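Me: I am new to this structure. Please take me through how to read it, one feature at a time.

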Amino acid sequence: MSVTDFSQLTIGDTVVEAEIPLSRASLIDYAGASGDHNPIHWSERFATEVGLDGVIAHGMLSMAVVVAPVVEWIGDPGAIVDYRTRFSAPVLVPDAESGTPAEPTATLSMTAVVGAVDGAVGTARIDVTVKSEDQDVLSRTQIRVAR
């Protein structure tokens with residue numbers, strides 16, 4: 001769906017809801033692309049030694065997979081003019097009990113709602129909630145889009 005007329009948007013409208021699966025393979029793929037090979041993202045032993053409950057997803061990976069459904073909704077990646085969030089809790093990605101590392105073992109649940117519309121400027125603020133296992137993992141997430 002592509003949105004070109006922001007007059008169609010109403011504050012409070014839900015524009016995107018998505019369940020985003022993550023796996024250990026997702027973390028390895030992201031580490032390769034980003035160059036972030038910190039062992040907290042792949043070694044259970046190391047992650048627990050430094051005080052985490054287990055292997056965690058990269059924060060920037062979480063941000064990337066959350067903005068993607070909003071980009072799909074707006075229809076143009078260039079329409080994202082600002083994106084901000086706070087990392088409020090780590091996203092645990094346990095090892096799969098069987099099968100390949102590509103087996104999803106964590107899910108990010110996201111809901112994007114229209115928070116503000118400025119028709120004169122041609123922008124909208126999309127407020128996003130992001131949870132993993134019913135815990136907020138990204139807080140105060142806002143994506144500003146322009147037509």
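**Reading the chain**

Reply: Begin with charge. The chain has 9 positive and 20 negative side chains. The centres of these two sets lie 11 Å apart. Keep in mind that this is a predicted model.

Me: Which secondary structure elements does the chain have, and how do they run from the N terminus on?

Reply: Count first, then follow the order. The secondary structure comes to 3 helices and 5 strands. From the N terminus on, the elements run β-α-α-α-β-β-β-β.

Me: What is the order of the strands in the sheet?

Reply: A sheet is read across its strands. Here 5 strands form an open sheet in the order S1-S3-S4-S5-S2. The pairing is antiparallel.

Me: Which strands stand at the edges, and why is one side of each left without a neighbour?

Reply: Look at the partners. S1 (14–22) and S2 (80–87) are the edge strands. Each has a single partner strand, so one side of each has no neighbour in the sheet. From one strand to the next, the twist averages 20 degrees.

Me: How many bridges join S3 to S4?

Reply: Bridges tie one strand to another. Strand S3 covers residues 106–118, and strand S4 covers residues 123–132. They run antiparallel, with 9 bridges between them. For one position, take Asp118: opposite it stands Thr123 in S4.

Me: Which helix packs on the sheet?

Reply: Check what each helix touches. Helix H3 (residues 59–74) packs there, touching S1, S2, S3, S4 and strand S5 (135–146). The direction of H3 makes about 140 degrees with that of S2.

Me: Where is Gly75 found? Is Gly75 buried, partly exposed or exposed?

Reply: Place the residue first, then read its accessibility. Gly75 is in the loop between H3 and S2. Buried means under 20% relative accessible area, and exposed means over 50%. Gly75 has 49% relative accessibility, so it counts as partly exposed.

Me: How many residues apart in sequence are Gly75 and Val113, and what is the C-alpha to C-alpha figure?

Reply: Read sequence and space separately. Gly75 and Val113 are 38 residues apart in sequence. In space, they are 16 Å apart, C-alpha to C-alpha.

Me: What does the chain span, and what share of its residues is buried?

Reply: Now take the whole chain. The C-alpha trace spans about 55 × 25 × 25 Å along its principal axes. Of the 147 residues, 39% are buried. The chain exposes about 8,000 Å², and carbon and sulfur atoms supply 50% of that.

How values were computed
Residues are numbered from 1 along each chain as its sequence is written. This is a predicted model: local features need pLDDT of at least 70, side-chain atom pairs count only at pLDDT 80 or more; totals for chains, interfaces and linings use all residues. Side-chain values use heavy atoms; hydrogens and water are left out. Two strands pair if DSSP finds at least two bridges between them. Helices (H or I, at least four residues) and strands (E, at least two) are DSSP runs, numbered from the N terminus. Axes are lines fitted to C-alpha atoms, for helices over the stretch in contact, and angles run from 0 to 180 degrees between N-to-C directions. Contact means heavy atoms within 4.5 Å. Buried means under 20% relative accessible area, exposed over 50%, partly exposed in between (1.4 Å probe, protein chains only). Accessible areas come from the Shrake-Rupley method with a 1.4 Å probe; for residues, only the protein chains shown count as cover. Lys and Arg count as positive and Asp and Glu as negative; His and the chain ends are not counted. The place of a charge is taken as NZ of Lys, CZ of Arg, CG of Asp or CD of Glu.
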